[in-house]
Amino acid sequence: MSTEPEVSFTNKIDQEIKIEPKDWMPEQYRKMLIRQISQHAHSEIVGMLPEGNWITRAPSLKRKATLIAKVQDEAGHGLYLYSAAETLGISRQEMLDQLHSGKAKYSSIFNYPTLTWADIGAIGWLVDGAAIMNQVPLCRSSFGPYARAMVRICKEESFHQRQGFEILLTLSRGSDAQRAMAQDALNRWWWPSVMMFGPKDDESPNTLQSMRWKIKRFSNDELRQKFIDVCAEQVKFLNLELPDEHLKWNEETRHYDFGPINWTEFWQVVNGNGPCNKQRLDARRKAHDDGQWVRDAAAAYADKKRQQQSQAAA
């Protein structure tokens, strides 16, 4: 028999009333949110690395400035999300420790290298496009702090996607070498982007419960299909091709059919054996260690201000 708090929680979920940090919630709901939000935050922070690699090598001052702004946005997204997760009773240090130890996951897409400038365009169009497809429904997540954080994040991600598409559009209208570079980037980033939505629904242990609690609104496969349908149309404007010989419009289903996904590769990368897994974590650990003096200085300043305020009050 359900308890009164359980009934109240379920009624709020059913009535689309946001669950707030001080509300009663099932422990599994709290843990599921911490796992999802912290992984999302980690993905934003680790996602700065493959793009930051190209800031000094961007082909113009304008491109440098816009890429710097984008990477800065990603840092902000991570901070919003860490703050949302902290309302659930986990500390930021604990989340970072989980990331640096390899216990916590982040999006597998960021374990692939950025080899050319066109990769920055492919990331913007495909990776951020997949992120938007996944994140817009999260603006209606049942957990209030998460849903509110996602509103601003999605607005900024939409600019990132347009920036990436414009980079590819420029390259596709350039020289033969530029066009070939753009096509090569699409060839390498397409399937990892398709994998971004996670495992198949029947192999995703958390999806059904997450949808029941309205943390997520759509399943992995539903979002993946929607993403493929959109990209299959958008790529026509680039006059490039997605690297899938099976991609074809299905009049009966009103969706694009697509080829088999290499799930062996997906799980290899998720389990730490991707092209850049070690490099990414090493970079994050180094950045965290190198920034210790900043955290120490901020803590010392805060202590000094508290002492001054205490003395003034006395």
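**Pockets, a helix pair and free cysteines**

The largest pocket in this predicted model takes up about 1,000 Å³ of space. Its lining runs to 40 residues, and those that lie nearest the pocket centre are Gln39, Ser107, Met196, Phe197 and Gly198. Six helices are named as giving two or more residues each to that lining: α2 (27-46), α6 (117-135), α7 (144-172), α9 (207-212), α10 (220-238) and α11 (263-273). Sorted by class, the lining of the largest pocket comes out as 16 nonpolar, 15 polar and nine charged residues.

Next comes the second largest pocket, with a volume of about 210 Å³. Here 16 residues make up the lining, and Ile132, Met133, Pro137, Leu223 and Lys226 sit closest to the centre. The elements that supply two or more residues to this lining are α6 and α10, both of which also contribute two or more to the lining of the largest pocket. The biggest share of the second lining comes from α10, which provides seven residues. As for chemistry, the lining of the second largest pocket has ten nonpolar residues, along with three polar and three charged ones.

Further along the chain, helix α12 (residues 277-290) packs against helix α13 (residues 292-313). Their axes lie 4 Å apart and meet at an angle of about 35 degrees. On the α12 side, the contact is made by His288, Asp289 and Asp290, while α13 puts in Gln292, Trp293 and Arg295. In terms of class, this contact has three charged residues, two polar ones and one nonpolar one.

Turning to the cysteines, the model holds zero disulfides. What keeps Cys154 from pairing with Cys139? The sulfur of Cys139 is the closest cysteine sulfur to that of Cys154, but at 3.9 Å the two are too far apart for a bond, because a disulfide calls for sulfur atoms within 2.5 Å. Cys154 is also buried, with a relative accessible area of 10%. Cys231 is in no disulfide either, and its nearest cysteine sulfur, which belongs to Cys154, is 16 Å away. With a relative accessibility of 2%, Cys231 counts as buried too.

Note on methods
Residues numbered from 1 in each chain as written. Predicted model: local features only at pLDDT ≥ 70, side-chain atom pairs only at ≥ 80, totals over all residues. Heavy atoms only, no water. Axes fitted to C-alpha atoms, helices over the stretch in contact; angles between N-to-C directions. Contact = heavy atoms within 4.5 Å. Nonpolar A, V, L, I, M, F, W, Y, C, P; charged D, E, K, R; others polar. 1 Å grid on protein atoms, 1.4 Å probe; cavity = no way out; pocket = protein on both sides within 12 Å on 5 of 7 lines; lining within 4 Å. Points joined across faces, edges and corners; volume = space filled by probe spheres on them. Buried < 20%, exposed > 50% of the residue type's maximum accessible area, 1.4 Å probe, protein only.
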